[in-house]
Amino acid sequence: MVSIDVWNASVEFPIFDAKTRSLKKAVLGKAGGKISNDTKVPVIEALQDINISLRHGDRVGLVGHNGAGKSTLLRLLSGIYEPTRGNSRVVGKVAPVFDLGVGMDPEISGYENIIIRGLFLGMTRAQMEKRVDDIADFTELGNYLNMPLRTYSTGMRVRLALGVVTSIDPEILLLDEGIGAVDAAFLERARDRLNDLVRRSGLLVFASHSDEFLMELCNSAIWMDQGRVRMQGGLREVLTAYKGHDPFENMPQHVLERLSAVGGTA
Amino acid sequence: MQSPSTVEQPDQAPPPAPSRSFARARHDLSQGWKSRQLWAHLGWQDIKQQYRRSVIGPLWITISMAVTATALGILYSGLMGQPLERQLPYVAVGFIVWNFIGGCVNEGANVFIANEGLIKHLPAPISVHVYRLVWRQTLLFLHNLVVYVAVLLIFPPWKYGGHISFSMLLAIPALVLLMINGLVVSMFVGIVSTRFRDIPPITGSVVQMLFFMTPVAWIYDSTLLKNSPRVKYAELNPFLHYVEMIRQPMLGQTIVWRHWAVVLVATVLLTGLAAIFLRNYRARVSYWV
């Protein structure tokens, strides 16, 4: 059973400038004693007092202004950052999709990149080899998959990355809004695959600024503000509080029906 | 403003396992070992990457080692007044082994810094990067073994005091010991230099200096040096024992168990040190990179 639990967790980043990151200060600071005031490393408190408990089937949207801590929270939930105070426990195979480019190597072929990216996302080689044809179909890259990735256009890279990401079987899926940068026409085509992916995953946390996407994929939400959880609850109430108006009220009836069929929100 | 929510509040007490525990450190190592498909692939990729688009590819590793070993062998046989059939195999094997040791230490200093992107984007045990590094160094070592075999064919051991025997197989456990030491050393150096960025240049010059201080190319009990008290000091250098432990079986020489004993003790100490650092700072690495 997949679950994520976070108890009173804080994430604080020490900011080492070139001087404090050197041995000299750590050594001299202890010996001299006088400059101990400025040997203390400044700390950015990115997240504070986070309490979250997520279970199988949860579809959580993450909203908040830039710098509110959405991406850091995703990294905390993925286990990349362990809380500096408090506790966290992640049970299940996490597939984080924060950056489509990470783990992609421009010098090797598209095909090899599919395998490597899959391995990074916790799949095995054999599992990825089975999926290659499916990914090739979706990306429409054909023989280009044998070419090195550096010969690809930006759009082709995005297709490849999205093709791989949507082919995996994640237990916990963490999506950052980065994927929103994909052009709209292609995303329309990717929508079905994205929905499938979300349905296959046991648990979803999705950080986004797009109401439409949130409503399509999520049924509850967390509102982050200045590193704290400002509000958590049903998607509609959180979005209403966050935006100041009900994003569902102007929806045409047929859209609402489609959404309720997917996420069960309305 | 915090709304009373239905499902979102944690319903159990916090787990007893804090992030600083030996259990978590062990878990990191075992989980990393389980992703060997990933790091094995990446280790290979690193090597192929370096020689992509070159016609003979990774064969360059072997060729450059052959050139260096031959040149150093001829140079030092002249300097030390040793016959070439003794000096050249000695230098070749010494240099191959040193390449492995130096590679683990030097690249170990950058093992986490160089993988910043991966560490910040993918939740993986930090040991994955260390396994990848040692695997890459092992692959380089295996490439260089071609030079070793060629040297052995041209200068067979019986021409200078050695003999082909089963004790040569001791090179295999010796290599395993080197790999284990490579793991713990690069884990330790990697963690420390992620926090203190002055360490990588320091390790660079220390490894360079140790290369000259360790009898990699010069023979420390040769007739020239035999009666010098410095031979005793040379034994204080732990790297001497690491090199001799694997070089003696590889050259078919008599095994001196003292070297094995020193290496075993050093391995236990280093493993303990690395374990403490892994326990205390494993979770900090993603904050520091």
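**Notebook: confidence, spaces and one sheet**

I started with chain B of this predicted model, which averages a pLDDT of 89, with 93% of the residues scoring at least 70. (pLDDT is the predictor's confidence in each residue, from 0 to 100.) The weak stretch I noted there is residues 1–8 of chain B, where pLDDT is below 50 and the model still has 18 contacts beyond near neighbours in sequence; contact means heavy atoms within 4.5 Å.

Housekeeping: residues count from 1 along each chain as its sequence is written, while chains are lettered from A and ligands numbered from 1 in the order in which they are written. As the model is predicted, local features need pLDDT of at least 70, side-chain atom pairs count only at pLDDT 80 or more, and totals for chains, interfaces and linings use all residues, with side-chain values taken on heavy atoms and hydrogens and water left out.

Next I checked chain A, which averages a pLDDT of 81, with 83% of the residues at 70 or above. Over residues 31–37 of chain A the pLDDT is below 50, and I find two contacts there beyond near neighbours in sequence. Among the elements of chain A, helix 2 (residues 36–39) has the lowest mean pLDDT, 46, and strand 8 (residues 220–225) has the highest, 93. Elements are DSSP runs numbered from the N terminus: helices are H or I, at least four residues, and strands are E, at least two. For the whole model I wrote down ipTM 0.82 and pTM 0.87.

**Spaces**

I then looked for empty space on a 1 Å grid over the protein atoms alone: a cavity is a set of points where a 1.4 Å probe fits but cannot get out, and a pocket is an open set with protein on both sides within 12 Å along at least five of seven lines; lining residues have an atom within 4 Å of a point. Grid points are joined across faces, edges and corners, and a volume is the space filled by probe spheres set on the points.

How many cavities of 30 Å³ or more does the whole structure hold? I got one, and the largest cavity holds about 120 Å³. Its lining includes Glu85(B), Arg86(B), Tyr90(B), Phe155(B) and Gln253(B). Helix 4 (residues 84–109) of chain B gives the largest share, four residues. By class I have eight nonpolar, two polar and two charged. (Ala, Val, Leu, Ile, Met, Phe, Trp, Tyr, Cys and Pro are nonpolar; Asp, Glu, Lys and Arg are charged; the others, Gly among them, are polar.)

The largest pocket comes to about 1400 Å³. It has 42 lining residues, and those closest to its centre are His27(B), Gln31(B), Pro123(B), Ala124(B) and Pro125(B). Both chains contribute: elements giving two or more residues include strand 4 and strand 5 (94–97) of chain A and helix 6 (127–154) of chain B. Helix 1 of chain B gives the largest share, five residues. I noted 22 nonpolar, 12 polar and eight charged residues in this lining.

The second largest pocket is about 410 Å³. Ile101(B), Val105(B), Val185(B), Phe239(B) and Leu270(B) are the closest to its centre, out of 21 lining residues. Its lining has 18 nonpolar, three polar and no charged residues.

**Sheet in chain A**

Last, I traced an open antiparallel sheet of three strands, order 2-1-4. Strands pair if DSSP finds at least two bridges between them. Strand 1 (residues 3–14) and strand 4 of chain A share six bridges, and Val6(A) stands opposite Ser88(A) in strand 4.
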